[in-house]
Amino acid sequence: MAFIKNILDQMKPTFSEGGKLSAFGSLFDAAETFFYVPNETSKAYGAHIHDAIDSKRGIFFVIIAMIPAILFGMYNIGLQHDLALGQDTGLVMQFLYGLGVLLPKIIVSYAVGLGIEVAIAQFKKEEVHEGFFVTGMLIPMIVPVNCPLWIMAIATAFAVIFAKEIFGGTGMNIFNPALVTRAFLFFAYPSMMSGDKVWVNGSYMDSIGGPSADAVTAATPLGQLGAGEAVTYSPMDTIIGTIPGSIGETSFIAILIGAVILIWAGIASWKIIVSTFVGGALLAAVCTPEVAGFEWWMHLTVGGFAFGAVFMATDPVTACRTENGKYIYGFIIGALAIIIRQFNPGYPEGMMMAILMGNLLAPLIDYCFVQSNINKRMNRAK
């Protein structure tokens with residue numbers, strides 16, 4: 001890899017201040033630090049104060065942990081399309097079909113988000129913050145398969161500008177940008193985020209002359225539960241993930257694999273993950289009504305509960321940072337998600353609003369624990 005470093009070193013003066021391509025200096029810096037850990041260290045404020053690990057390497061570990069959910073999401077897109085049309089094209093074709101659907105969403109997410117971040121970084125003469133590498137992958141994973149690309153582009157731009165850059169960039173935002181994207185979509189374009197038609201891709205007429213996927217619907221388990229109907233999916237379906245839902249949120253097994261990777265690597269807090277599931281399980285056991293085909297514990301395997309608990313509630317920027325506060329933070333998120341699901345028929349998901357509320361409360365929770373420790377030390381010093 002030494003030859004790559006030599007090439008980058010030779011190109012660097014051209015992109016540095018005073019060089020011919022200095023206008024693209026931030027973009028070059030992003031490419032350079034993609035390959036090599038920078039020699040410089042932060043001396044002001046930002047994400048570096050939260051952990052000693054190089055943030056870019058930690059971010060790529062999160063993307064690696066998402067790979068099982070990404071791959072299964074691609075397969076499930078094709079599977080749900082085939083089930084809606086009453087055909088079976090086989091695993092390989094289903095996966096390739098899902099790849100063709102998901103790839104444009106990933107491209108749009110990164111193009112819009114990174115484009116804005118590079119432009120802002122160049123304007124401010126700063127390096128490109130690497131946080132969007134995770135956000136750009138999360139956004140396509142938490143939207144319905146039929147979400148139009150232009151709508152996703154608008155929501156992504158809104159989230160990057162108003163939920164991240166306006167607060168100072170990576171490490172300074174108080175809300176998870178990916179969830180702000182979903183919230184923007186939900187409130188600005190509700191018909192694209194709910195109902196039975198958004199979960200099956202309808203991009204082309206069936207090759208064998210069947211109906212268009214635009215003409216079919218597929219209700220999610222939470223949609224059926226919210227309508228008071230019998231849930232037609234088995235518990236094993238919800239664990240494996242062969243159900244309609246947002247692209248990366250259906251497979252509990254794939255998400256669990258990602259959780260193991262993140263905890264093993266020391267990237268995500270097991271305290272937040274476990275306490276979120278505990279809070280959700282306790283409220284689900286108490287609040288879940290008797291509905292045919294739905295057990296209380298299935299709340300943890302359907303919708304965005306597991307995905308949110310593993311990949312978004314654990315965001316080190318917006319989550320609690322005190323060790324004891326992480327237990328409270330996670331429990332509140334899990335409990336709120338179930339409360340919203342059970343008592344708001346118009347919004348059967350709940351996890352998005354629960355995590356955003358947790359983000360809002362995280363500084364207060366940290367403050368209470370820090371102040372408590374300060375008071376204890378002051379009393380000991382008397």
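In the predicted model, glutamate 249 touches Met141, Ile142, Arg182, Ile255, Gly303, Gly304 and Phe307, residues up to four places away in sequence not being counted. Glutamate 249 lies in the loop between helix H9 (235-240) and H10. With a relative accessible area of 7%, under the 20% limit, glutamate 249 is buried. One of its contacts, Met141, belongs to the buried residues of helix H5, and another, Ile255, to those of H10.

Helix H10 follows this loop and comprises 13 residues, 252-264. At 1.5 Å a residue, H10 should span 18 Å, and its end C-alpha atoms are indeed 18 Å apart, in agreement with expectation. The buried residues of H10 are Ala254, Ile255, Gly258, Ala259 and Leu262. Viewed down the axis of H10, these buried residues fall within an arc of 145°, so they line one face of the helix. An α-helix has 3.6 residues a turn, so residues three or four places apart point the same way. On the other side of H10, Val260 and Trp264 are exposed. Glycine 266, just after H10, adopts a positive phi of about 75°.

Helix H9, on the other flank of the loop that holds glutamate 249, contains aspartate 237. Aspartate 237 has a relative accessible area of 24% and is classed as partly exposed, because this value falls between the limits of 20% and 50%. Apart from residues up to four places away in sequence, aspartate 237 touches Thr242 and Ile243. Aspartate 237 and threonine 301 are separated by 64 residues in sequence, whereas their C-alpha atoms are 9.5 Å apart in space.

The chain as a whole contains 14 helices and 0 strands. Of its 382 residues, 51% count as buried. Among contacts between residues at least 6 apart in sequence, 70% join residues at least 24 apart.

Helix H5 (residues 132-141) is mostly covered, with 10 of its 10 residues buried. These buried residues include Phe132, Phe133, Val134, Gly136 and Met137, and threonine 135 is also part of H5. At 8% relative accessibility, threonine 135 counts as buried, since the value is under 20%. Leaving aside neighbours within four places in sequence, threonine 135 is in contact with Ser109, Pro177 and Ala178. Threonine 135 is also 9.9 Å from alanine 159, C-alpha to C-alpha, the two being 24 residues apart in sequence.

Alanine 159 is one of the buried residues of helix H6, a group that also includes Ile151, Met152, Thr156, Val160 and Lys164. The cover over the buried residues of H6 includes helix H4 (91-124), H5 and H7. The 16 residues of H6 (residues 149-164) should span 22 Å at 1.5 Å a residue, and the separation of 21 Å between its end C-alpha atoms agrees with this.

Empty space within the model was also examined. Rolling a probe the size of a water molecule over the atoms shows where empty space is left. A search of the whole structure yields 3 cavities of 30 Å³ or more, and the largest cavity has a volume of about 80 Å³. Its lining is formed by Gly73, Asn76, Ile77, Gln80, Val145, Trp199, Ile243, Pro244, Gly245, Ser246 and Ile247. By class, the lining of the largest cavity divides into 6 nonpolar, 5 polar and no charged residues. Ile243, which aspartate 237 touches, is thus named among the lining residues of the largest cavity, because it has an atom within 4 Å of a cavity point.

The second largest pocket has a volume of about 360 Å³. Of the 23 residues that line this pocket, Trp199, Thr220, Leu222, Pro348 and Glu349 lie nearest its centre. Trp199 also lines the largest cavity. Helix H7 (177-188) and helix H8 (221-226) each supply at least two residues of the pocket lining. The largest share of that lining, 3 residues, comes from H8. The lining of the second largest pocket comprises 10 nonpolar, 9 polar and 4 charged residues, while that of the largest cavity has no charged residues.

Technical notes
Residues numbered from 1 in each chain as written. Predicted model: local features only at pLDDT ≥ 70, side-chain atom pairs only at ≥ 80, totals over all residues. Heavy atoms only, no water. 1 Å grid on protein atoms, 1.4 Å probe; cavity = no way out; pocket = protein on both sides within 12 Å on 5 of 7 lines; lining within 4 Å. Points joined across faces, edges and corners; volume = space filled by probe spheres on them. Helix = DSSP H or I, 4+ residues; strand = E, 2+ residues; numbered from the N terminus. Nonpolar A, V, L, I, M, F, W, Y, C, P; charged D, E, K, R; others polar. Expected span 1.5 Å × (residues − 1). Buried < 20%, exposed > 50% of the residue type's maximum accessible area, 1.4 Å probe, protein only. Arc of directions from axis to C-beta. Contact = heavy atoms within 4.5 Å.
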